[in-house]
Amino acid sequence: MTITEFITATYLKAVGKATPPNAGSAKYNRIVGLGDFYQRRWAREPGIDWNSLYDPAFSLGTVTATDSFDIDTSTVRKLSDREGDVVRIVWDDGESYTDYDIIKSDTLKDFYAGVDKESPSGHYCTRIGGQLVFNHEFVSTDNEYGGEIFVPCYTFPDAITDDNPDTDEIQVDDPDWLVLRCAAEYVRNDTTRRQRFPDLLAESNEAMMRMKDDNGGQIDKVNMPWTPGVSSDTWV
C-alpha cells in the first residue's frame with residue numbers, strides 16, 4: 001500500500017468520502033502525521049518483535065581504537081536476543097571474522113579482557129544506552145581493527161512523509177491495521193463522528209491480533225552462521 005493509497009483509505013474509513021483531502025491541506029497533513037506516529041508505535045508494540053523489521057547484519061561501521069561504538073537509535077530499536085545471534089566483526093580482508101556473544105549490560109564487567117571467561121572465545125559485547133560496548137578496547141594490532149561491525153537487530157520502519165507518496169509504501173505488516181487505527185484517531189475528537197471511534201478501534205485491535213498471530217506463525221529458518229558475501233536474504 002502506497003502512502004497515497006493509505007491516505008485515501010484512511011479518509012474513506014474515517015469520514016466516508018472516497019476523494020482524499022488535497023495534498024498539503026490540514027486534513028492531509030494530519031493523516032500523514034498520524035500514519036507516521038502509529039507506524040512507529042506498531043514497531044514498538046509491547047511483547048513482540050516483528051519479523052519484517054529484523055535485520056541480521058546491520059552495519060555500525062569500522063573498528064577503531066575504542067571499546068564503544070555509536071548505534072543509530074533512530075534506526076535500530078533493539079539488538080536481537082534470538083538464539084544463535086551474535087555481533088560479527090568482519091576483518092578487513094573481507095573473509096575472516098570474529099563473533100561476539102551479546103550479553104546483558106550489567107554482566108559485561110564480569111567478562112572484561114584479562115579475567116577468566118566461561119566462553120571458549122572470550123568475546124562479549126552489550127548495548128549500553130546508544131552504544132555497542134565490547135569487553136575489551138581494540139588496538140591497531142588486533143585482527144578486528146579496521147574491520148566492519150555487523151549487529152543483528154530489529155529496526156524502525158522508514159518515516160511516513162509526503163515526499164514521494166505515490167511510490168513510498170507503508171511498512172506495517174498489515175497496512176489495513178494502520179488505516180483503521182488512524183481513522184479511529186481521526187474521528188476521536190470530531191464531534192460529528194466520534195461515535196464511530198469505538199467500532200474503528202475494535203476493528204484495529206482485531207487486525208493487530210491477526211498480525212501478531214501471523215508473525216508468530218511464521219516458520220523461522222534454522223539460524224546458520226553468516227558467511228561474508230552471502231546475501232542477507234539467507235541469514236534468517
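**Helices, strands and salt bridges**

Me: Which residues in α1 meet which ones in α3?
Reply: F6, A9, T10, Y11, K13, A14 and V15 in α1 meet L178, V179, L180, C182, A183, Y186 and V187 in α3, where contact means heavy atoms within 4.5 Å. This is a predicted model, in which local features need pLDDT of at least 70 and side-chain atom pairs count only at pLDDT 80 or more, while totals for chains, interfaces and linings use all residues. Residues are numbered from 1 along each chain as its sequence is written, and side-chain values use heavy atoms, without hydrogens and water.

Me: OK, at what angle do α1 and α3 pack?
Reply: Helix α1, which covers residues 3–15, packs against helix α3, residues 175–188, at an angle of about 50°, and their axes are 8 Å apart. Helices here are DSSP runs of H or I with at least four residues, and strands are runs of E with at least two. The two helices α1 and α3 are therefore oblique to each other (neither under 35 degrees, nor over 145, nor 65 to 115).

Me: And which residues does α2 use to meet α3?
Reply: From α2, the residues K27, R30, I31, L34, G35, Y38, Q39 and W42 meet W177, L178, R181, C182, E185 and Y186 in α3. The packing angle of α2 and α3 is about 125°, with their axes 9 Å apart, and these helices are therefore oblique to each other as well.

Me: Switching topic: how many salt bridges are there in the whole structure?
Reply: A search of the whole structure finds nine salt bridges (a side-chain nitrogen of Lys or Arg within 4 Å of a carboxyl oxygen of Asp or Glu). One of them joins R77 to D49, with the closest N and O atoms 2.5 Å apart. That pair links distant parts of the chain, since R77 lies in strand β3 and D49 in the loop between α2 and β1, 28 residues apart.

Me: What does E185 pair with, then?
Reply: The side chain of E185 meets that of R188 in a salt bridge, at 2.8 Å from N to O. Because E185 and R188 are three residues apart in helix α3, about one helical turn separates them.

Me: Last thing, in which sense do β6 and β7 pair?
Reply: Strand β6, residues 124–128, pairs with β7 in the antiparallel sense over four bridges (pairing needs at least two DSSP bridges). The two strands β6 and β7 form a hairpin with two residues between them, and G129 in the turn has a positive phi of about 60°.

Me: Which residue of β7 is the bridge partner of T126?
Reply: The bridge partner of T126 in β7 is V133, and V133 also stands opposite S68. Strand β2, residues 68–70, pairs with β7, residues 131–134, in the antiparallel sense over three bridges.

Note on methods: Axes are lines fitted to C-alpha atoms, for helices over the stretch in contact, and angles run from 0 to 180 degrees between N-to-C directions.
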